[in-house]
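Here is a short set of exercises to work through with the model open beside you. Try each task before reading its solution.

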Amino acid sequence: MARNREGLVLLLDVGPSMHRVLPEVQKICSMLIQKKLIYRKFDEVGIVIFGAEDTDNELTIEVGGYEHVVVLRNIKVVDGDIVEALQELPRGTVAGDYLDAVVVGMDMLIKKYQLTNKGKKRICLITDAQNPIKDPYKGTKDDQVSTIAVQMAAHGVRMETIIVRGRLGEDIDQRIVDENDHLLHLFSEKTSAKTVYVESPTSLLGALRTRDISPVTIFRGDLEISPKLKIKVWVYKKTSEEKFPTLKKYSDKAPPTDKYATHEVKVDYEYKSVEDPSKVIPPNQRIKGYRYGPQVVPISSVEWDAFKFKPEKSVKLLGFTNASNILRHYYMKDVNIFIAEPGNARAAIAVSALARAMKELNKVAIVRCVWRQGQGSVVLGVLTPNLSEKDKTPDSFCFNVLPFAEDVREFQFPSFSNFPASWQPSEQQQQAADNLVMMLDLAPPGKEEALLPEFTPNPILERFYHHLELKSKQPDAAVPPLDRTLKKITEPDPQLFSESKSVVEAFCKSFEVKENPKLKKSTRRLLQEKPSGSDDEGGYGDTSNALAIKSDESQLLAKADKIGDLTPVQDFEAMMSRRDNPDWVAKAIKDMENKICNMVENCKGGDNYCKALECLVALRKGCILEQEPKQFNDFLHHLFRLCQEKKLGNFWEFLASKELTLISTSEAIDSEVTEDEAKNFLVKKLPKLE
């Protein structure tokens, strides 16, 4: 057996007590094989069922016993037939003995691989462990489990147990359940075994590890505390996002009789001269160019390498801080684990001492990491102590990537307290909203958390693999409907809403709930709102272009390069949203300020007051979103002085009645104006009417 191939035996309980969850067992095991067909197509899998009416295994013939244990499929390379076998599991008629099944599965692995391939042999047991096991011929049940565990350790066999436990019925003997839990726990103590308890079909789908990824170090070297204090560490990936498999192009041009055809599609690129399109430019005559405005600047690979930042491989401590200063939402990307160099006792003691001291003082460490030589980027992260509760497992650190200042975007939202009293929720409305939120809590007090992250599969990936397996047999098969169990992940729980119907009804009665349909703008209205700065004036009178105009509204608005008189707010928003040049934001703000000043100066008896207010509200909102509070606050002071000079007290009084004031620190963190100063601005500086 090759080094990286895994030998797996599935031990499935098909007894009467497991009939209710067998459909989910079939799905999870089928998904396991489907992923192996994509990622590890040379792995070998065998299937053993227990609790069956029949008996079919080699140990029964050789030594007797081991009744109601059937080898459904011997250990072979994974293929499509095993998926079909798993989707049609027989329903047993007797209570199964999981210890008999474990012995049969281990016997299959030993006969197949002998002492080779240690660490790559695995047994997966799925049962509810509610039925008694037979007494051994000699010794106690604990002795029997210990003997099996010793043989497992000697042959390098790992064991994974999934116990399906819902609400125990009245006919279940609690003494038997406790005894089985104790025996399975002995496996965890004496060999490489893991036991997982699940309570729902949804959790069962995510309980079995369908992909076995070998850990690979991303860094081996020194954790530099100071120039004179360094600790030898290894860094592994602890978690990683599971992504879609890489899909490649497939060619059917190869002859069907060619068994060595790879069906691979190769893409070649040719670069040709602009002056002579028939001339192909060889690689040694090509150079990369980077666009800078209307020009293209050539930069050779030598120049590029000369200016490239080349940090040295290292992990250096920058300092310590209180754990409360590093918020959870700062974490980026995946989690890594720092461990002491294996076999280095001094490094293990140093890591343990540092981790325990940090835990005692509630501190975390900020480190600068360059994982490999020649890496073009530096990673800044936080080390959090991860203390072990097991004697044989050393202490370690969890590492999370932290954002740089350029990665952080603070979104400021106005407080509800700034709204008029008529908009404020009443105590009854607030209580109804609180009750609705508490009803939707996935981890209510006193109950197990629903959709536990470690037991909840990705429904998109699960459906993809199922469809891929279906397409391999039926190329024209349509996308199947979403599985019933996966619907429980993606759709609201009907049982929860039926039990809490009164909470939902109370919320609906407390608020006026009505449908808000999305209205489509007519072509005539769209033409009227066309930005005045657009140069494209012709062709829009033709009715044949109406559909294109209507569907391309956003593109028209995005072309605005100045604020017109017809739709100043829309033009301003379009200019603010442009990202082809960083100067558009500053230009939009400046143009809007000029437009507002012109409106105020030329207003006749309040004709332009409302329009100026709309522009001022849009400007204020844009400055908050773009984190430019000072620019708006300075303009509002300028507008106040303008009203004083032009004796426009009526307009200023109009602004005060609408409660439009300075941007405070509660709305934008960069503002220098407090909430009290913002509230009192219009009141204190209200000019006297002439």
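**Exercise 1. Find what share of the protein chain is buried, and describe its overall make-up.**

Step 1. Of the 690 residues in the protein chain, 37% are buried, where buried means under 20% relative accessible area, exposed over 50% and partly exposed in between, with a 1.4 Å probe and protein chains only. The model is predicted, so local features need pLDDT of at least 70 and side-chain atom pairs count only at pLDDT 80 or more, while totals for chains, interfaces and linings use all residues. Residues are numbered from 1 along each chain as its sequence is written, and side-chain values use heavy atoms, with hydrogens and water left out.

Step 2. The secondary structure comes to 23 helices and 15 strands; these are DSSP runs numbered from the N terminus, helices being H or I with at least four residues and strands E with at least two.

Step 3. Among contacts (heavy atoms within 4.5 Å) with a separation of 6 or more, 70% join residues 24 or more positions apart.

**Exercise 2. Work out how α4 and α5 are arranged, and what lies between them.**

Step 1. Take the axes, which are lines fitted to C-alpha atoms, for helices over the stretch in contact, with angles from 0 to 180 degrees between N-to-C directions. Helix α4 (residues 98–113) and helix α5 (residues 141–154) pack at about 20 degrees, their axes 11 Å apart.

Step 2. The two helices are therefore roughly parallel, given that angles under 35 degrees count as roughly parallel, over 145 as roughly antiparallel, 65 to 115 as roughly perpendicular and the rest as oblique.

Step 3. On the α4 side, Leu99, Val102, Val103 and Met106 meet Gln144, Val145, Ile148, Gln151 and Met152 of α5. By class, this contact has seven nonpolar, two polar and no charged residues. Here Ala, Val, Leu, Ile, Met, Phe, Trp, Tyr, Cys and Pro count as nonpolar, Asp, Glu, Lys and Arg as charged, and the others, Gly among them, as polar.

**Exercise 3. Repeat the analysis for α18 and α19.**

Step 1. The axes of helix α18 (residues 568–577) and helix α19 (residues 583–601) come within 8 Å and cross at roughly 165 degrees.

Step 2. α18 and α19 are therefore roughly antiparallel to each other.

Step 3. In α18, the residues that meet α19 are Pro568, Val569, Phe572, Met575 and Met576. Their partners in α19 include Trp584, Lys587, Asp591 and Lys595. The class count for this contact is eleven nonpolar, no polar and three charged residues.

**Exercise 4. Check the length of α6 and find what covers its buried residues.**

Step 1. Helix α6 (residues 174–190) has 17 residues, so at 1.5 Å a residue it should span 24 Å; the expected span is 1.5 Å times one less than the number of residues. The end C-alpha atoms are 25 Å apart, which agrees.

Step 2. Its buried residues are Ile176, Val177, Asn180, Asp181, Leu183, Leu184, Leu186 and Phe187. An α-helix has 3.6 residues a turn, so residues three or four places apart point the same way.

Step 3. The cover over the buried residues of α6 includes α4, β4 (121–127), α5, β5 (157–164) and β6 (193–198).

**Exercise 5. Is Ser314 buried or exposed, and what does Ser314 touch?**

Step 1. Ser314 is found in strand β11 (residues 314–322).

Step 2. At 10% relative accessibility, Ser314 counts as buried.

Step 3. Not counting residues up to four places away in sequence, Ser314 touches Phe219, Arg368, Cys369 and Val370.
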